[in-house]
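Visitor: I am new to this structure, and I would like to learn how to read its features one at a time. Could you take me through them?

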Amino acid sequence: PEKAPAFARRFGVRTCRSLHELMDAQDQSFVVLCVRVADHPQMLADLALRGAAVLCETPPARDEAGMGQVFELHRNGLRIQVAEQLHLRPEHAARIAIARSGLLGTITQAQVSVAHGYHGISLLRRLLGVGFEEVKIIARRSVSSITAGPGRNGPPTADVPEKVVQELAWLDFGGRLGVFDFSSSQYFSWIRGTRVLVQGDRGEIANDELRYLKDFQTPIRSVLRREAAGDGDNLEGHFFKGIQAGERWFYRNPFVPAALSDDEIAVASCLEGMARYVEDGTEFYSLAEACQDNYLGRLISEAGKCGEPRTSSRQVWAS
(Lines give C-alpha, C1' and ligand atoms only; values in the text may rest on other atoms or scores of the structure.)
Protein backbone atom coordinates (compact mmCIF):
# COMPACT_ATOMS: atom_id res chain seq x y z
CA PRO A 1 0.00 0.00 0.00
CA GLU A 2 2.80 2.46 0.77
CA LYS A 3 4.06 2.22 -2.84
CA ALA A 4 0.75 3.21 -4.42
CA PRO A 5 0.88 7.00 -3.81
CA ALA A 6 4.49 7.15 -5.07
CA PHE A 7 3.52 5.31 -8.28
CA ALA A 8 0.53 7.57 -8.77
CA ARG A 9 2.68 10.71 -8.45
CA ARG A 10 5.54 9.41 -10.62
CA PHE A 11 3.47 8.11 -13.53
CA GLY A 12 0.30 10.15 -13.24
CA VAL A 13 -1.94 7.08 -13.13
CA ARG A 14 -4.65 5.82 -10.85
CA THR A 15 -3.59 3.01 -8.52
CA CYS A 16 -5.67 0.27 -6.94
CA ARG A 17 -4.82 -1.70 -3.79
CA SER A 18 -6.41 -5.00 -4.83
CA LEU A 19 -7.44 -6.97 -7.89
CA HIS A 20 -11.11 -6.50 -7.05
CA GLU A 21 -10.70 -2.74 -6.76
CA LEU A 22 -8.99 -2.70 -10.16
CA MET A 23 -11.66 -4.79 -11.84
CA ASP A 24 -14.46 -2.67 -10.36
CA ALA A 25 -12.79 0.63 -11.28
CA GLN A 26 -13.33 0.49 -15.04
CA ASP A 27 -13.89 -1.79 -18.01
CA GLN A 28 -10.81 -3.48 -19.45
CA SER A 29 -10.05 -5.11 -22.77
CA PHE A 30 -7.60 -7.32 -20.93
CA VAL A 31 -5.43 -7.41 -17.81
CA VAL A 32 -1.63 -7.58 -17.84
CA LEU A 33 -0.57 -9.75 -14.91
CA CYS A 34 2.90 -8.80 -13.66
CA VAL A 35 3.33 -10.20 -10.14
CA ARG A 36 5.53 -12.83 -8.48
CA VAL A 37 5.46 -16.13 -10.38
CA ALA A 38 4.39 -17.95 -7.21
CA ASP A 39 1.22 -15.81 -7.17
CA HIS A 40 0.22 -16.49 -10.79
CA PRO A 41 -2.05 -19.54 -10.23
CA GLN A 42 -4.19 -17.87 -7.56
CA MET A 43 -4.35 -14.52 -9.33
CA LEU A 44 -5.30 -16.23 -12.58
CA ALA A 45 -8.00 -18.19 -10.75
CA ASP A 46 -9.41 -14.92 -9.39
CA LEU A 47 -9.30 -13.32 -12.85
CA ALA A 48 -10.98 -16.37 -14.38
CA LEU A 49 -13.90 -15.95 -11.98
CA ARG A 50 -14.18 -12.37 -13.21
CA GLY A 51 -14.21 -13.48 -16.85
CA ALA A 52 -11.12 -11.40 -17.62
CA ALA A 53 -8.76 -11.95 -20.54
CA VAL A 54 -5.18 -12.04 -19.25
CA LEU A 55 -1.75 -11.33 -20.70
CA CYS A 56 0.38 -13.15 -18.11
CA GLU A 57 4.05 -12.50 -17.43
CA THR A 58 6.56 -15.31 -18.01
CA PRO A 59 6.65 -18.05 -16.92
CA PRO A 60 2.96 -18.83 -16.34
CA ALA A 61 3.83 -20.86 -13.22
CA ARG A 62 6.92 -22.05 -11.39
CA ASP A 63 6.73 -25.83 -11.95
CA GLU A 64 4.79 -28.55 -13.73
CA ALA A 65 2.16 -28.77 -11.01
CA GLY A 66 1.50 -25.03 -11.14
CA MET A 67 1.43 -25.01 -14.93
CA GLY A 68 -1.06 -27.86 -14.83
CA GLN A 69 -3.31 -25.81 -12.54
CA VAL A 70 -3.17 -22.81 -14.85
CA PHE A 71 -3.84 -24.96 -17.91
CA GLU A 72 -6.91 -26.41 -16.20
CA LEU A 73 -8.21 -22.85 -15.74
CA HIS A 74 -7.64 -22.27 -19.45
CA ARG A 75 -9.45 -25.49 -20.34
CA ASN A 76 -12.38 -24.26 -18.27
CA GLY A 77 -12.58 -20.97 -20.14
CA LEU A 78 -9.81 -18.61 -18.99
CA ARG A 79 -8.68 -16.50 -21.95
CA ILE A 80 -4.92 -16.20 -21.62
CA GLN A 81 -1.77 -15.47 -23.59
CA VAL A 82 1.76 -15.16 -22.21
CA ALA A 83 4.00 -12.10 -22.56
CA GLU A 84 7.04 -13.65 -24.24
CA GLN A 85 8.53 -11.04 -26.56
CA LEU A 86 11.96 -12.50 -27.47
CA HIS A 87 10.81 -14.10 -30.75
CA LEU A 88 9.07 -10.81 -31.64
CA ARG A 89 12.27 -8.73 -31.59
CA PRO A 90 12.92 -7.69 -35.20
CA GLU A 91 16.17 -9.57 -35.84
CA HIS A 92 14.84 -12.81 -34.35
CA ALA A 93 11.50 -12.40 -36.14
CA ALA A 94 13.41 -11.99 -39.42
CA ARG A 95 15.43 -15.17 -38.78
CA ILE A 96 12.26 -17.10 -37.96
CA ALA A 97 10.65 -15.79 -41.16
CA ILE A 98 13.65 -16.95 -43.21
CA ALA A 99 13.67 -20.36 -41.51
CA ARG A 100 9.96 -20.79 -42.34
CA SER A 101 10.25 -19.45 -45.89
CA GLY A 102 11.89 -22.60 -47.26
CA LEU A 103 14.96 -20.64 -48.34
CA LEU A 104 17.20 -22.79 -46.13
CA GLY A 105 15.48 -26.04 -47.06
CA THR A 106 14.65 -28.42 -44.21
CA ILE A 107 15.87 -27.00 -40.90
CA THR A 108 18.12 -29.48 -39.12
CA GLN A 109 19.90 -27.46 -36.45
CA ALA A 110 19.60 -24.24 -34.46
CA GLN A 111 22.05 -22.83 -31.94
CA VAL A 112 20.92 -20.02 -29.67
CA SER A 113 22.96 -18.01 -27.20
CA VAL A 114 20.64 -15.08 -26.48
CA ALA A 115 18.62 -15.50 -23.29
CA HIS A 116 18.22 -17.72 -20.26
CA GLY A 117 15.89 -20.66 -19.68
CA TYR A 118 12.42 -20.52 -21.19
CA HIS A 119 13.22 -17.31 -23.11
CA GLY A 120 16.05 -18.97 -25.03
CA ILE A 121 14.00 -22.15 -25.51
CA SER A 122 11.09 -20.16 -26.96
CA LEU A 123 13.39 -18.86 -29.71
CA LEU A 124 15.14 -22.19 -30.25
CA ARG A 125 11.88 -24.10 -30.78
CA ARG A 126 10.57 -21.53 -33.26
CA LEU A 127 13.74 -21.56 -35.31
CA LEU A 128 13.66 -25.38 -35.43
CA GLY A 129 9.91 -25.50 -36.06
CA VAL A 130 9.29 -28.11 -33.33
CA GLY A 131 6.17 -28.53 -31.22
CA PHE A 132 5.64 -30.89 -28.28
CA GLU A 133 7.77 -33.79 -29.52
CA GLU A 134 9.84 -35.85 -27.14
CA VAL A 135 13.33 -34.42 -26.69
CA LYS A 136 16.48 -35.90 -25.15
CA ILE A 137 18.59 -33.38 -23.26
CA ILE A 138 22.24 -33.40 -22.26
CA ALA A 139 23.39 -30.33 -20.31
CA ARG A 140 26.47 -29.09 -18.52
CA ARG A 141 27.28 -26.11 -16.30
CA SER A 142 30.60 -24.35 -15.88
CA VAL A 143 31.80 -21.39 -13.81
CA SER A 144 34.38 -18.86 -15.02
CA SER A 145 35.51 -15.33 -14.26
CA ILE A 146 35.31 -12.22 -16.44
CA THR A 147 35.73 -8.50 -15.86
CA ALA A 148 32.48 -7.14 -14.46
CA GLY A 149 30.44 -4.99 -16.81
CA PRO A 150 27.26 -2.95 -16.42
CA GLY A 151 24.19 -4.19 -14.56
CA ARG A 152 20.63 -3.14 -13.80
CA ASN A 153 21.94 -0.16 -11.84
CA GLY A 154 24.21 1.19 -14.58
CA PRO A 155 27.86 0.96 -15.72
CA PRO A 156 30.62 -0.57 -13.55
CA THR A 157 32.29 1.63 -10.94
CA ALA A 158 35.50 -0.44 -10.55
CA ASP A 159 37.70 -2.88 -12.46
CA VAL A 160 36.77 -6.09 -10.65
CA PRO A 161 36.16 -9.71 -11.68
CA GLU A 162 32.82 -11.47 -11.43
CA LYS A 163 31.87 -15.13 -11.50
CA VAL A 164 29.58 -16.21 -14.34
CA VAL A 165 27.70 -19.46 -14.78
CA GLN A 166 27.42 -20.86 -18.29
CA GLU A 167 24.69 -23.37 -19.15
CA LEU A 168 25.18 -25.44 -22.30
CA ALA A 169 22.67 -28.02 -23.52
CA TRP A 170 22.05 -30.30 -26.52
CA LEU A 171 18.40 -30.97 -27.32
CA ASP A 172 17.85 -33.91 -29.68
CA PHE A 173 14.36 -33.74 -31.22
CA GLY A 174 15.07 -36.71 -33.51
CA GLY A 175 16.48 -35.40 -36.77
CA ARG A 176 16.59 -31.81 -35.49
CA LEU A 177 19.22 -30.60 -33.04
CA GLY A 178 18.93 -27.61 -30.76
CA VAL A 179 21.95 -26.18 -28.94
CA PHE A 180 21.19 -23.89 -26.01
CA ASP A 181 24.02 -21.75 -24.62
CA PHE A 182 23.72 -18.95 -22.09
CA SER A 183 26.04 -17.21 -19.66
CA SER A 184 24.68 -15.30 -16.67
CA SER A 185 26.59 -12.17 -17.70
CA GLN A 186 25.24 -11.91 -21.26
CA TYR A 187 22.27 -9.58 -20.76
CA PHE A 188 24.40 -6.57 -19.81
CA SER A 189 27.99 -7.52 -20.63
CA TRP A 190 30.05 -5.38 -23.01
CA ILE A 191 32.30 -8.35 -23.87
CA ARG A 192 29.88 -11.29 -24.10
CA GLY A 193 27.64 -10.99 -27.13
CA THR A 194 24.76 -13.06 -28.50
CA ARG A 195 24.99 -15.75 -31.19
CA VAL A 196 22.39 -17.40 -33.41
CA LEU A 197 22.98 -20.13 -35.99
CA VAL A 198 20.22 -21.77 -38.05
CA GLN A 199 21.10 -24.52 -40.52
CA GLY A 200 19.04 -26.25 -43.18
CA ASP A 201 19.98 -28.65 -45.95
CA ARG A 202 20.12 -25.75 -48.47
CA GLY A 203 21.49 -22.87 -46.43
CA GLU A 204 22.15 -21.23 -43.08
CA ILE A 205 21.88 -18.04 -41.07
CA ALA A 206 24.89 -17.20 -38.92
CA ASN A 207 23.98 -14.11 -36.87
CA ASP A 208 23.30 -11.56 -39.65
CA GLU A 209 24.87 -13.52 -42.54
CA LEU A 210 22.62 -15.49 -44.88
CA ARG A 211 23.85 -18.22 -47.24
CA TYR A 212 21.65 -20.41 -49.44
CA LEU A 213 21.51 -22.17 -52.81
CA LYS A 214 19.48 -20.71 -55.66
CA ASP A 215 20.19 -24.02 -57.37
CA PHE A 216 22.84 -26.67 -56.71
CA GLN A 217 25.43 -24.70 -58.73
CA THR A 218 24.50 -21.18 -57.59
CA PRO A 219 25.32 -20.16 -54.01
CA ILE A 220 23.87 -16.88 -52.76
CA ARG A 221 25.41 -14.90 -49.96
CA SER A 222 23.68 -11.95 -48.32
CA VAL A 223 23.32 -10.14 -45.00
CA LEU A 224 20.37 -9.23 -42.82
CA ARG A 225 20.44 -5.46 -43.28
CA ARG A 226 18.68 -3.07 -40.90
CA GLU A 227 16.90 -0.23 -42.67
CA ALA A 228 16.22 2.99 -40.77
CA ALA A 229 15.12 6.56 -41.39
CA GLY A 230 17.10 9.54 -40.18
CA ASP A 231 20.60 8.40 -41.13
CA GLY A 232 22.87 10.82 -42.98
CA ASP A 233 20.85 13.10 -45.27
CA ASN A 234 17.58 11.21 -44.82
CA LEU A 235 14.87 13.58 -43.55
CA GLU A 236 12.00 11.12 -42.98
CA GLY A 237 12.44 11.21 -39.19
CA HIS A 238 14.22 8.88 -36.79
CA PHE A 239 12.79 5.37 -36.73
CA PHE A 240 13.52 1.76 -37.62
CA LYS A 241 11.89 0.50 -40.83
CA GLY A 242 12.68 -3.19 -40.96
CA ILE A 243 15.14 -5.87 -42.08
CA GLN A 244 16.05 -6.84 -45.63
CA ALA A 245 18.25 -9.54 -47.12
CA GLY A 246 19.01 -8.92 -50.77
CA GLU A 247 15.84 -7.58 -52.40
CA ARG A 248 13.43 -9.13 -49.90
CA TRP A 249 11.94 -7.72 -46.70
CA PHE A 250 11.91 -10.33 -43.94
CA TYR A 251 10.65 -7.95 -41.26
CA ARG A 252 8.73 -4.67 -41.41
CA ASN A 253 8.26 -2.56 -38.30
CA PRO A 254 4.50 -2.33 -37.69
CA PHE A 255 4.91 0.76 -35.48
CA VAL A 256 6.52 3.18 -37.94
CA PRO A 257 7.23 6.07 -37.32
CA ALA A 258 7.52 5.55 -33.54
CA ALA A 259 11.13 5.76 -32.30
CA LEU A 260 11.23 2.48 -30.39
CA SER A 261 14.07 0.13 -29.48
CA ASP A 262 13.91 -3.47 -30.72
CA ASP A 263 12.71 -4.75 -27.36
CA GLU A 264 10.09 -1.99 -27.14
CA ILE A 265 8.84 -3.01 -30.59
CA ALA A 266 8.59 -6.59 -29.33
CA VAL A 267 6.67 -5.56 -26.19
CA ALA A 268 4.31 -3.43 -28.29
CA SER A 269 3.81 -6.48 -30.54
CA CYS A 270 2.79 -8.50 -27.46
CA LEU A 271 0.16 -5.92 -26.57
CA GLU A 272 -1.08 -5.73 -30.15
CA GLY A 273 -1.18 -9.54 -30.32
CA MET A 274 -3.17 -9.69 -27.09
CA ALA A 275 -5.71 -7.17 -28.40
CA ARG A 276 -6.14 -9.33 -31.53
CA TYR A 277 -6.53 -12.45 -29.36
CA VAL A 278 -9.30 -10.77 -27.37
CA GLU A 279 -11.00 -9.69 -30.59
CA ASP A 280 -10.89 -12.90 -32.65
CA GLY A 281 -9.05 -15.60 -30.68
CA THR A 282 -5.84 -15.54 -32.75
CA GLU A 283 -2.99 -16.67 -30.48
CA PHE A 284 0.48 -15.13 -30.62
CA TYR A 285 2.12 -17.04 -27.73
CA SER A 286 -0.21 -19.57 -26.20
CA LEU A 287 -0.27 -20.91 -22.66
CA ALA A 288 0.64 -24.36 -24.01
CA GLU A 289 3.73 -22.97 -25.78
CA ALA A 290 4.77 -21.04 -22.67
CA CYS A 291 4.36 -24.11 -20.45
CA GLN A 292 6.40 -26.28 -22.85
CA ASP A 293 9.23 -23.73 -23.04
CA ASN A 294 9.37 -23.43 -19.25
CA TYR A 295 9.21 -27.22 -18.88
CA LEU A 296 12.17 -27.76 -21.24
CA GLY A 297 14.09 -24.96 -19.52
CA ARG A 298 13.58 -26.73 -16.20
CA LEU A 299 14.77 -30.03 -17.67
CA ILE A 300 17.94 -28.33 -18.92
CA SER A 301 18.54 -26.93 -15.44
CA GLU A 302 18.02 -30.36 -13.87
CA ALA A 303 20.33 -32.07 -16.36
CA GLY A 304 22.99 -29.41 -15.86
CA LYS A 305 22.91 -29.75 -12.07
CA CYS A 306 23.02 -33.55 -11.90
CA GLY A 307 25.10 -34.24 -15.01
CA GLU A 308 22.65 -36.90 -16.20
CA PRO A 309 20.55 -36.80 -19.40
CA ARG A 310 16.85 -35.99 -19.23
CA THR A 311 14.05 -36.99 -21.60
CA SER A 312 10.84 -35.02 -21.83
CA SER A 313 7.41 -36.62 -21.48
CA ARG A 314 4.11 -35.43 -22.86
CA GLN A 315 2.47 -33.01 -20.43
CA VAL A 316 -1.18 -32.09 -19.98
CA TRP A 317 -0.86 -28.84 -21.95
CA ALA A 318 0.39 -30.77 -25.01
CA SER A 319 -3.09 -32.23 -25.51
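Guide: What follows is a short conversation about backbone geometry, aromatic rings and the surface of this model, which is predicted.

Visitor: Where should a reader look to find peptide bonds that are cis?

Guide: As a general idea, most peptide bonds are trans, and most residues other than glycine have a negative phi. In this structure, the bond from Thr 58 to Pro 59 is cis, with omega near -20°, and Pro 59 is placed in the loop between β2 (53-56) and α4 (64-75). Another cis bond joins Val 256 and Pro 257, with omega about 10°, and here Pro 257 belongs to the loop between β14 (248-252) and α7 (262-280).

Visitor: Which residue has a positive phi although it is not a glycine, and is that residue buried or exposed, or in between?

Guide: The residue is Asn 207, whose phi is about 55°, and its place is the loop between β9 (203-206) and β10 (209-215). Asn 207 counts as partly exposed because its relative accessibility is 32%, a value that falls between the limits of 20% and 50%.

Visitor: How many aromatic pairs does a search of the whole structure find, and how is a pair described?

Guide: A pair of aromatic rings is described by the distance of the centres and the angle of the planes. The search finds 4 aromatic pairs in the whole structure. One of them is formed by Phe 182 and Tyr 187, whose ring centres are 5.0 Å apart and whose planes meet at 55°, so this pair is tilted. Phe 182 is buried, at 7% relative accessible area, whereas Tyr 187 is partly exposed, at 42%. Tyr 295 and Trp 317 also form a pair, which is edge-to-face, with 5.9 Å from centre to centre and 70° between the planes. Tyr 295 lies in helix α8 (residues 287-306) and Trp 317 in the segment after β15 (310-311), so this pair ties together parts that are 22 residues apart in sequence; both residues are buried.

Visitor: Which charged residues sit over a ring?

Guide: The charged end of Arg 125 sits over the ring of Phe 132, at 5.6 Å from its centre, while Arg 226 lies over the face of Phe 240, at 4.4 Å from the ring centre.

Visitor: Which residues make the nonpolar surface patch?

Guide: Phe 7, Phe 11 and Val 13 make this patch, with an area of about 300 Å². Among them, Phe 11 is found in helix α1 (residues 3-11) and is partly exposed, with a relative accessible area of 49%.

Terms used. Residues are numbered from 1 along each chain as its sequence is written. This is a predicted model: local features need pLDDT of at least 70, side-chain atom pairs count only at pLDDT 80 or more; totals for chains, interfaces and linings use all residues. Side-chain values use heavy atoms; hydrogens and water are left out. Helices (H or I, at least four residues) and strands (E, at least two) are DSSP runs, numbered from the N terminus. Buried means under 20% relative accessible area, exposed over 50%, partly exposed in between (1.4 Å probe, protein chains only). Patches are made of residues with over 30% relative accessible area and no salt bridge: like charges are joined within 9 Å, nonpolar side chains (Val, Leu, Ile, Met, Phe, Trp, Tyr) within 5 Å. Accessible areas come from the Shrake-Rupley method with a 1.4 Å probe; for residues, only the protein chains shown count as cover. A salt bridge is a side-chain nitrogen of Lys or Arg within 4 Å of a carboxyl oxygen of Asp or Glu. Rings of Phe, Tyr and Trp (its six-membered ring) pair if their centres lie within 6.5 Å; planes under 30 degrees apart count as stacked, over 60 as edge-to-face and the rest as tilted. A charge sits over a ring if NZ of Lys or CZ of Arg is within 6 Å of the ring centre and within 35 degrees of the ring normal.
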